[in-house]
Amino acid sequence: MVRIAAAIILSMGLAACQQDTPRIAVTQNAGDSRVAKVLFGAAPRPSAQSPAALGGYAQGCQAGAVALPETGPTWQAMRLSRNRNWAQPVTVDYVQDLSRFAATLPGWNGLYVGDLSQPRGGPMLTGHASHQTGLDADIWMLPATRLDLSRAEREAISSISMRRANGAYVNSDWTPQHEALIRAAASDPRTARIFVFPGAKVAMCQNATGDRSWLNKVRPWYGHHYHFHVRLHCPAGDPTCVDQAPPPVGDGCAEAQDWVNTILNPPPPDPAAPPAIPRSELTMASLPGQCLSVLNSN
């Protein structure tokens with residue numbers, strides 16, 4: 001428990017349609033020790049395959065990805081130099097739908113959309129451990145007031161932090177519109193989870209009225225104060241995709257309050273705690289066999 005609490009405090013302080021073709025064939029990559037992020041990070045275009053989310057959100061890849069257009073009537077994709085505005089078709093549709101809702105909120109003309117996935121998914125050279133199967137999307141907390149930003153402006157502009165006291169509370173930039181946007185995102189049946197910082201979850205718990213079932217999908221997680229993270233369910237009929245386990249029953253408000261309490265009153269470090277073990281690099285052998293086919297596709 002002490003180690004978990006310490007990790008929470010540390011992390012909160014740092015803030016962390018293609019033409020139809022046959023299903024991709026299963027290939028074997030056992031023994032392939034190549035570092036996957038180097039290979040997938042270098043792929044500039046999606047694979048010429050039918051759309052498929054392969055494996056899990058943090059250990060997989062994607063076939064047949066489509067791009068979120070760089071600019072639309074109610075969104076702009078940010079940080080275009082990263083080439084991470086690629087996802088499964090369901091994710092692109094979702095983001096566009098959510099952006100249309102955002103445009104109805106006072107002070108918002110739509111959404112600034114952060115990272116989706118790389119063209120072929122897989123591990124990234126920098127940043128996320130997830131976002132590998134084209135079913136994750138980061139939505140900036142900064143209200144999108146201008147939708148004519150140039151490429152250069154999209155590299156220079158930054159989102160804004162919503163947290164106060166290391167994430168225990170929201171700050172004065174947090175608005176009812178942020179809560180309405182996250183509620184709409186979580187209420188969509190395509191959504192599996194929404195990740196936000198603990199203080200935002202507690203604030204929404206305190207302010208929610210009427211149907212509170214949507215709160216179950218909103219979970220506190222490290223960082224996530226400059227953006228909120230949407231994770232979608234595996235597409236229906238996609239046998240290659242591995243869904244995350246559903247959240248625990250209930251609204252999750254008591255658990256979020258526990259996180260906040262730990263931020264405000266951290267326990268002393270455990271001198272007997274073993275040192276953290278660095279996360280090992282994902283190799284091609286650790287990904288689903290089909291990911292080699294994705295990597296080698298035209």
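This note sets out numbered points on the fold, the burial and the strand pairing of one protein chain.

1. Status of the model. The structure is a predicted model, and the remarks below should be read as a description of that model.

2. Overall dimensions. The chain has 298 residues, for which a compact globule would have a radius of gyration near 19 Å; the value for this chain is 19 Å, so the two agree. The C-alpha trace spans about 55 × 50 × 40 Å along its principal axes.

3. Secondary structure and surface. There are 8 helices and 13 strands in the chain. Of the 298 residues, 52% count as buried. The exposed area of the chain is about 13600 Å², of which carbon and sulfur atoms supply 58%.

4. Charge. The chain carries 24 positive and 22 negative side chains. The centres of these two sets lie 3 Å apart.

5. Strand β11 and its partners. Strand β11 covers residues 191-196, and 6 of its 6 residues are buried. It pairs with two strands. With strand β13 (residues 227-232), β11 runs antiparallel over 4 bridges, and T191 stands opposite L232 of β13. With strand β12 (residues 218-220), β11 runs parallel, joined by 3 bridges; here I194 stands opposite V218 of β12. The path from β11 to β12 passes through helix α6 (residues 198-207), and this β-α-β crossover is right-handed.

6. Helix α6. How much of the connecting helix is covered? In α6, 8 of the 10 residues are buried. The buried residues are P198, G199, A200, K201, V202, A203, M204 and C205. The lysine K201 is thus listed among the buried residues of α6. As general background, an α-helix has 3.6 residues a turn, so residues three or four places apart point the same way.

7. The β1-β2 hairpin. Strand β1 (residues 52-56) pairs with β2 in the antiparallel sense over 5 bridges, and a hairpin of 2 residues joins β1 to β2. Within this pairing, G56 stands opposite Q59 of β2. Strand β2 (residues 59-63) has 4 of its 5 residues buried, so it is largely enclosed by the rest of the structure.

8. Residue D238. Where does D238 sit, and is D238 buried or exposed? D238 is placed in the loop between β13 and α7 (253-264). Its relative accessibility is 9%, and because buried means under 20%, D238 counts as buried. D238 and W174 are 64 residues apart along the chain, and their C-alpha atoms are separated by 37 Å.

9. Residue L292. L292 belongs to helix α8 (residues 290-296). With a relative accessible area of 15%, L292 is buried, because this value falls under the 20% cut-off. L292 and M78 are 214 residues apart in sequence, and their C-alpha atoms are 29 Å apart in space.

10. Points to keep in view. In this predicted model, β11 is mostly covered and has β13 as an antiparallel partner and β12 as a parallel one. Helix α6, which lies on the crossover from β11 to β12, is mostly covered as well. The loop residue D238 and the helix residue L292 are both buried.

Definitions and conventions: Residues are numbered from 1 along each chain as its sequence is written. This is a predicted model: local features need pLDDT of at least 70, side-chain atom pairs count only at pLDDT 80 or more; totals for chains, interfaces and linings use all residues. Side-chain values use heavy atoms; hydrogens and water are left out. The radius of gyration is taken over C-alpha atoms; the globule rule is 2.2 Å times the number of residues to the power 0.38. Buried means under 20% relative accessible area, exposed over 50%, partly exposed in between (1.4 Å probe, protein chains only). Accessible areas come from the Shrake-Rupley method with a 1.4 Å probe; for residues, only the protein chains shown count as cover. Lys and Arg count as positive and Asp and Glu as negative; His and the chain ends are not counted. The place of a charge is taken as NZ of Lys, CZ of Arg, CG of Asp or CD of Glu. Two strands pair if DSSP finds at least two bridges between them. A crossover is right-handed if, with the strands pointing away from the viewer, the path from the first strand over the helix to the second runs clockwise.
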